[in-house]
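Hello,

Here is the structure I promised to pass on. Please open it first, then read the notes below.

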Amino acid sequence: MKRHRPTRLDSLRVRVRACALALCCASSVAAADDESADLAGLALEDLLQIKVTTAARKPQSLRSTPAAVFVISREDIERSGAASVPEALQMAPGVQVGRISSGSWAISLRGANSRFADKLQVLVDGRSVYTPLFSGTVWEDRELMLEDVERIEVVRGPGGALWGSNAMNGVINIITRRAQDTQGTLVSAAAGTEQRGWLAVRHGFSVGDSHSGRIWAKRRLSDASDRPDGSAGYDDGRNTAGGVLWESRLGGGHTFTLQAGASSTRHGEELDLTRYTFGGAPIPGRFDSQENHLLMRYAGIADSGADYSLQASYAHSSFAVDNAVGPIDDARNTLDIDFQRREPRGGRHDVIWGASYRHTSDQLNVQLVGGFIRPPSRSTSWTSVFVQDDITLLPERLHLVLGARVEESNLDKPEVQPTARLMFTPDGPHSFWAAASRTTRQPSRALRDFNAELGPFPQPPLAGGFRIRSAGGGRDMRSETATSLELGYRYRGGPLTVDVAAFATRYRHQAEYVNVFNGVVAMPDPTLLAEFEVRASDDSRAHGLELAADYRPGTDWSLHGAYTYTDSTALDRTFRADIPLTNFFIYSADARHRLSLRSLWNLTPRLKFDAWLRHSSRVEPAGIPSFSDLDLRLAWTPRSGLELSLVGQNLLHARRVHYAADTLPSSSLAIERGAYVKAVWSF
C-alpha cells in the first residue's frame with residue numbers, strides 16, 4: 001500500500017459528485033474536482049482512503065480496492081530524482097525494470113521481462129499506448145514533462161476484464177494533471193554528466209471561468225553509457241516532446257477535453273551478433289521513434305445519476321532500427337473509440353459497462369539477419385464489450401465484484417476474460433481481498449508473420465543454416481491465456497501501513513520460437529537446414545509475493561519500502577545446446593528478488609534530503625550478478641516558486657550492467673554513476 005506524505009502533496013479531490021465528473025472526463029482514469037482538499041488535513045490512518053481509478057474504472061479508496069495497487073505520487077517522482085517514467089517505476093513492488101542502455105528499457109509486471117514484454121497494458125490519460133507489432137510498449141516514446149504527472153497507478157495482476165487483451169499481468173496508468181491545476185508558467189532545467197540536461201517549459205491559461213488549457217515542450221539529452229570494459233558506448237541520444245491540453249466545463253455536468261501531443265526520440269543502437277555468428281564485430285546503428293496523437297473526450301451525468309464518457313483517439317507512430325544488417329521499420333496508424341457508463345442500482349449494485357473499438361494499420365519493413373515479415377502491411381480491428389458489478393453483501397464490510405469482457409478481432413475468435421473479486425474490510429486496521437481471473441493475449445504481428453532463413457554458416461556448431469517460419473500461417477495461432485489467483489492483505493495503524501499481495505499464475509498456449517528439428521545430424525554438414533517454427537508450448541507458471549510498507553516516525557521524516565519476489569518456470573526451460581541460436585528468439589530475464597528503500601527527510605522548511613537504495617538479485621538467465629544502487633537528492637527552496645536540487649544516481653558503482661539485451665541483440669552496456677543539478681521555477 002502506497003501512502004503519501006500529507007505535508008507536501010498539493011491536493012486530493014474528495015467530493016463524490018466531482019469524482020464522478022472526473023471519472024467521465026478522464027475515461028475513468030482520473031479523479032478530480034473543481035475544489036480540492038489539502039492532504040495535510042488528513043490523519044495518517046485516513047491516507048488509505050485516497051481515491052484510485054484504474055483498478056475498477058471508477059474512483060474508490062485504496063483500502064476498499066480488491067486488487068494489488070501502488071500509487072506513485074507527484075511528490076514521489078519529484079523527490080526520487082527520477083528523470084523519466086521508467087526510472088520512477090522502480091519504486092513500485094511487482095515491477096521488473098531493466099535498464100538496457102541510456103535510452104532503452106525492459107519493463108514488465110510480475111516477471112516475463114524483456115525489452116518487448118508483452119503482458120502489460122500501459123495507459124496515458126486513458127489512451128492505450130501498446131503496439132500490436134510485439135504486443136508491448138515502446139518506452140522510448142513515453143517522454144513526458146514529469147512536473148505535469150499527477151500520479152502513476154500501478155495495478156499488478158490481471159486487468160483484462162476491464163482493459164482488454166494485453167492487460168495479462170497488470171496495468172500501468174500515467175495520469176497527468178488537470179489544466180486548471182497547472183496555471184501560470186513553469187520552467188524546469190537540468191545539466192549533468194549522464195543526464196546531459198533538459199529544458200522543459202509549460203504555460204497554463206484560462207478563458208473565463210469554464211475553460212482552461214496548457215501548452216508544454218521538453219528537450220532532453222543523454223550521454224552514452226560505457227561498455228563493461230570501460231570503453232565508450234554508442235547510445236547517446238535526444239528526446240523531444242510537446243503537447244497541448246484544453247478542458248471545458250459545459251454546464252449541467254458535461255465536460256469536454258481535447259489533448260494533442262508529439263514526441264521524437266533518437267539514440268544509438270549497436271547490434272552484437274557475435275553470440276550467434278561466432279565472429280565479427282558489433283554493428284553500429286541508430287534507433288528512431290516518433291508518435292503524434294490526438295484525443296477527444298466528452299463526459300457527463302445523466303438525470304438518473306448515471307455517469308458516462310465517450311473517448312476517441314488517433315495516433316500515428318513509428319520506430320526504426322537502422323544498421324548494416326538490415327532495417328526494422330514499423331509505421332502505424334491507430335484509432336481507438338471507448339464508451340463506458342456507470343449506473344448505481346438500488347444501493348447494492350454499482351454497475352459499469354461499456355464497449356470499445358480499436359483499428360490499426362501498419363507498414364513494415366523487417367530484414368534483420370535475413371528475416372522478414374509478410375505481408376508487409378496488415379489491418380487489424382478489435383471490438384469488445386465489458387460489464388462489471390460491484391455487489392454490496394454487507395454494507396461497508398463485504399463486497400463481491402463480478403465482471404467479464406468479450407473481445408474479438410478480425411484475426412481471432414471471440415475471447416472471454418472473466419474476473420471475480422472479494423473484499424472484506426472489518427472494523428480496525430485490517431482488510432483482506434482475494435481474486436480469481438482469466439485473461440488472454442492475442443498473438444503479436446511479429447509472432448504471426450515472421451519468417452527467416454539464416455546461413456549458410458561454414459563453421460561448427462552452426463554449420464549449414466536455419467529456417468524459421470510461422471507455423472500457424474498467421475491467422476491460425478491461438479491466443480495465449482493466463483489463469484491467476486491472488487490474495488491480499490492491508491494494515492493501517494499508527495505511523496505504519498503495510499500492503500501485501502501474493503499471486504500464482506498459469507500461462508497456456510504461449511507462442512514462441514522453438515527448435516522442432518528432431519534429426520541427429522553430424523556437424524558440420526553444409527547441407528544442414530534445421531527448421532524452427534512458431535508454436536504454442538504446453539504451459540508455464542509464475543508465483544510471487546509483493547510487499548509495500550510506509551513508516552512515518554515524525555512529521556518531517558518518512559520511510560518507504562517495497563519488496564518483490566517472483567519465480568517463473570519460463571526461465572527454467574532448456575533447449576538443444578547444439579543450436580544456441582534458439583535464444584535469439586526467446587528471451588525473458590528476471591530478478592527473483594528486488595528491494596527498494598526510500599527515505600524522505602525535511603531537514604528544514606526549505607531544505608530536503610532524500611535517499612533511495614535499490615537492490616536486485618541475480619538476473620537470470622542472462623547471468624547478470626546481483627547489484628545495489630544508491631541515489632541521493634538534496635533540494636533547497638530559496639524562495640517561493642523556486643527550487644534548486646542536486647541529484648546523484650547509481651552512486652555505488654562507477655559502471656554496472658543492469659540488464660542484457662534480448663530479442664533485438666543490442667550490445668551489453670554498463671550504466672554509469674552520474675549527477676545533475678536541477679532548477680524548477682514557477683511564476
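Strands here are DSSP runs of at least two E residues, numbered from the N terminus. By that naming, Leu-646 sits in strand E39, which covers residues 642-649. Please keep in mind that the model is predicted.

Leu-646 is partly exposed, because its relative accessibility is 46% and that class lies between 20% and 50%. Leu-646 also belongs to a nonpolar patch on the surface. Its partners there are Trp-557, Trp-601, Leu-603, Phe-609, Leu-634 and Val-677. The patch has an area of about 620 Å².

Next, Thr-505. This residue is part of strand E29 (residues 496-508). Is Thr-505 buried or exposed? Thr-505 is buried, because its relative accessible area is 6% and the cut-off for buried is under 20%. Beyond its neighbours within four places in sequence, Thr-505 touches two runs of residues: Ala-482, Thr-483 and Ser-484, then Ser-540, Arg-541 and Ala-542. With Ser-484 there is also a polar contact, side chain to side chain, at 3.1 Å. Pro-158 is 347 residues away from Thr-505 in sequence, yet their C-alpha atoms are 9.5 Å apart.

Last, a sheet. Five strands make up an open sheet with mixed pairing. Their order is E3-E10-E11-E6-E7. Strands E3 (68-73) and E7 (127-128) form the edges, each pairing on one side only. Inside the order, E10 (residues 149-156) runs antiparallel to E11 (residues 170-176), with 7 bridges between them. In that pair, Arg-156 faces Gly-170 of E11.

Best wishes

Terms used. Residues numbered from 1 in each chain as written. Predicted model: local features only at pLDDT ≥ 70, side-chain atom pairs only at ≥ 80, totals over all residues. Heavy atoms only, no water. Pairing = 2+ DSSP bridges. Helix = DSSP H or I, 4+ residues; strand = E, 2+ residues; numbered from the N terminus. Buried < 20%, exposed > 50% of the residue type's maximum accessible area, 1.4 Å probe, protein only. Contact = heavy atoms within 4.5 Å. Polar contact = N/O pair within 3.5 Å; in protein donor to acceptor, adjacent residues only side chain to side chain. Patch = residues over 30% accessible without salt bridge, like charges linked within 9 Å, V, L, I, M, F, W, Y side chains within 5 Å. Areas by Shrake-Rupley, 256 points an atom, 1.4 Å probe, with all protein chains shown as cover. Salt bridge = Lys/Arg side-chain N within 4 Å of Asp/Glu carboxyl O.
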